[in-house]
Amino acid sequence: VDALKRAIAEVSAQDYDRDQAAALLQRMSSHTRGVPSVLAEFLHASSQADGAPAVAAYESQSGGVLELLEGLLKKFKTELAEVEAAETNQRHEFELVDLHLQDAIEKDTADMKEKVVARGKRATA
């Protein structure tokens, strides 16, 4: 369940379209001199621009995966709740049986001591 929660968080964080121009500048920044400063300026300008939307270089397709993970999380939580409820019932049943056996042992021990005392009185009489 925890692993699914972490996976959903990770996929959700990555569920956005990547801007084509920014992707190109990021690739170029590793091997072309001066591009990192151009990239920084471009990102600054694009965050303030109110023009037409940028063309997506990569359009996220993780919606289906996210739905699948959320469905699995729901299913696993339901199964976990059922297993925990069954385990609680079994523990309660065990405690009842244990209590019954302890009471039976105490009663049988008391009965045995009574019989020993009664035999001892009959033997002396």
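Here are a few notes on this predicted model, point by point.

1. Start with the layout. The chain carries four helices and two strands, and reading from the N terminus the order is α-β-α-α-β-α. So you open on a helix, α1 (2–13), and α4 covers residues 63–124.

2. Confidence first, since you'll want to know what to trust. The mean pLDDT over the chain is 76, with 56% of the residues scoring at least 70. Helix α4 has the highest confidence, at 92, while strand β2 (residues 56–58) has the lowest, with a mean of 47. Around that strand, residues 55–59 have pLDDT below 50, yet the model still gives this stretch 14 contacts beyond near neighbours in sequence. Where pLDDT is low, the predicted coordinates shouldn't be read in detail. I'd file those 14 contacts under that heading.

3. Now burial and contacts. The chain has 125 residues, and just 10% of them count as buried. On the outside there is about 10300 Å² of exposed area, 58% of it supplied by carbon and sulfur atoms. As for contacts with a separation of 6 or more, 75% of them link residues 24 or more positions apart.

4. How many salt bridges does the chain have? The count comes to one. The partners are D111 and K107, and their closest N and O atoms sit 2.9 Å apart, inside the 4 Å cut-off for a salt bridge. Both residues belong to helix α4, and because they are four residues apart, about one helical turn separates them.

5. Are the two ends of that bridge buried or exposed? K107 counts as exposed, at 51% relative accessibility; the threshold is over 50%, so this is a label to hold lightly. D111 is partly exposed, with a relative accessible area of 28%. Neither value falls under the 20% that would make a residue buried.

6. Last, the surface patch. Which residues form the nonpolar patch? V1, F76 and L80 do, and together they offer about 220 Å² of accessible area. V1 comes from the segment before α1 (2–13). With a relative accessible area of 34%, V1 is partly exposed, and because patch members need over 30%, V1 qualifies.

Terms used
Residues are numbered from 1 along each chain as its sequence is written. This is a predicted model: local features need pLDDT of at least 70, side-chain atom pairs count only at pLDDT 80 or more; totals for chains, interfaces and linings use all residues. Side-chain values use heavy atoms; hydrogens and water are left out. Patches are made of residues with over 30% relative accessible area and no salt bridge: like charges are joined within 9 Å, nonpolar side chains (Val, Leu, Ile, Met, Phe, Trp, Tyr) within 5 Å. Accessible areas come from the Shrake-Rupley method with a 1.4 Å probe; for residues, only the protein chains shown count as cover. A salt bridge is a side-chain nitrogen of Lys or Arg within 4 Å of a carboxyl oxygen of Asp or Glu. Buried means under 20% relative accessible area, exposed over 50%, partly exposed in between (1.4 Å probe, protein chains only). Contact means heavy atoms within 4.5 Å. pLDDT is the predictor's confidence in each residue, from 0 to 100.
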